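I had this structure on the screen this morning and kept notes as I went. Here they are, entry by entry.

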Amino acid sequence: MKIVKPEIHMSIGESIVQTIKAKNRWNDTNIIITEGETYRFQSSGLWKDMYKTCDANGYTSTNILLHSTEWLRRFSTANWFALIGAIDHNKQSFFAIGNEATITIKKVGLFSCFANDVSFMYWNNSGEIQLAIKRLD
């Protein structure tokens, strides 16, 4: 039996903390965000890409192999293991969060997050980030 969590519609000034796991390809928050709303995201903690430990800002390519495969990252222009936000699992909605970001939302949908990695490489990820989400307006 699958447990369905209720959707969350945040009020102005409301804050919620979510755990974002590096191993999960998608970390659904059940938070519905709406076009025009502004949110502040602040993360803490560390996660690990096989042997490389980092925070939510991720890390840059440290060798030729990583550099040559940057285009395979789910969000190719963001660092390896940067915390990325998405709406409705839609690639066109991806935005970098890192350790801290303030974002005005451009569409309505379910907010989710992930560690920026190659789609088929989540098996070697570990750790988690605590993400504080606050609706500003």
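**Entry 1: the largest pocket**

Which residues lie nearest the centre of the largest pocket? Before looking, I reminded myself that this is a predicted model. The residues nearest the centre are Asp49, Leu65, Leu66, Met121 and Asn124, out of 17 that line the pocket. I noted a volume of about 330 Å³ for this pocket. Sorting its lining by type gave me ten nonpolar residues, four polar and three charged.

**Entry 2: the second largest pocket**

Next I turned to the second largest pocket, which holds about 150 Å³ of space. I wrote down its lining: Lys5, Ile8, Gln18, Thr19, Ile20, Asn24, Trp26, Asn27, Asp28, Thr29 and Asn30. By type, I found six polar residues here, with three nonpolar and two charged.

Which strands each supply at least two residues of this lining? They are S1, covering 15–21, and S2, covering 27–33. S2 gives the most, with four residues.

**Entry 3: S2 and its sheet**

Having met S2 at the pocket, I followed it into its sheet. Four strands make up this open sheet, in the order S2-S9-S6-S7, with antiparallel pairing. Why is one side of S2 and one side of S7 left without a neighbour in the sheet? S2 and S7 (95–96) are at the edges and each has a single partner strand, so one side of each has no neighbour there.

I then wanted to know whether S2 is mostly buried or exposed. Six of its seven residues are buried, so the rest of the structure largely encloses this strand. I kept the two findings side by side: S2 is an edge strand of the sheet, and S2 is largely enclosed.

**Entry 4: S9 and its partners**

S9 runs from 109 to 115, and I looked at its pairing on both sides. How many bridges join S2 to S9? There are five, and the two strands run antiparallel. I picked out two of the pairs: aspartate 28 has serine 112 as its bridge partner in S9, and isoleucine 32 has leucine 110.

On the other side, S6 and S9 are also antiparallel and are joined by five bridges. Here alanine 86 has serine 112 as its bridge partner, so I had met serine 112 twice, as the partner of aspartate 28 and of alanine 86. S9 is mostly covered, with six of its seven residues buried.

**Entry 5: the nonpolar cores**

I moved on to the largest nonpolar core, which has 29 residues. Which of them have the most contacts inside it? They are Phe41, Trp47, Leu83, Ile97, Phe111, Leu131 and Ile133. The elements that give two or more residues to this core are S1, S2, S3 (38–44), S6 (83–87), S8 (100–104), S9 and S10 (125–135). A second, separate core has seven residues, among them Ala78, Ala82, Phe94 and Phe114.

I took isoleucine 133 for a closer look. Setting aside neighbours within four places in sequence, I listed its contacts as Met10, Glu14, Ser15, Ile16, Gln18, Ile31, Tyr39, Arg40, Phe41 and Phe111. Two of these names, Phe41 and Phe111, were already on my list of residues with the most contacts in the core.

**Entry 6: two positive phi angles**

What is the phi of asparagine 30, which is not a glycine? It is positive, at about 70 degrees. Asparagine 30 lies in S2 and is buried, with a relative accessible area of 17%. I had already noted Asn30 in the lining of the second largest pocket.

Phenylalanine 81 is not a glycine either, and its phi is positive at about 65 degrees. I found phenylalanine 81 in the loop between H1 (64–68) and S6. Phenylalanine 81 is buried, with a relative accessible area of 0%.

**Entry 7: far in sequence**

Last, I checked serine 11, in the segment before S1. How many residues separate serine 11 from arginine 135 in sequence? The gap is 124 residues, while their C-alpha atoms are 6.8 Å apart in space. Serine 11 counts as partly exposed, at 43% relative accessibility.

Conventions
Residues are numbered from 1 along each chain as its sequence is written. This is a predicted model: local features need pLDDT of at least 70, side-chain atom pairs count only at pLDDT 80 or more; totals for chains, interfaces and linings use all residues. Side-chain values use heavy atoms; hydrogens and water are left out. On a 1 Å grid over the protein atoms alone, a cavity is a set of points where a 1.4 Å probe fits but cannot get out, and a pocket is an open set with protein on both sides within 12 Å along at least five of seven lines; lining residues have an atom within 4 Å of a point. Grid points are joined across faces, edges and corners, and a volume is the space filled by probe spheres set on the points. Ala, Val, Leu, Ile, Met, Phe, Trp, Tyr, Cys and Pro count as nonpolar, Asp, Glu, Lys and Arg as charged, and the others, Gly among them, as polar. A nonpolar core is a set of buried Ala, Val, Leu, Ile, Met, Phe, Trp, Tyr and Cys residues joined through side-chain atoms within 4.5 Å. Buried means under 20% relative accessible area, exposed over 50%, partly exposed in between (1.4 Å probe, protein chains only). Contact means heavy atoms within 4.5 Å. Two strands pair if DSSP finds at least two bridges between them.
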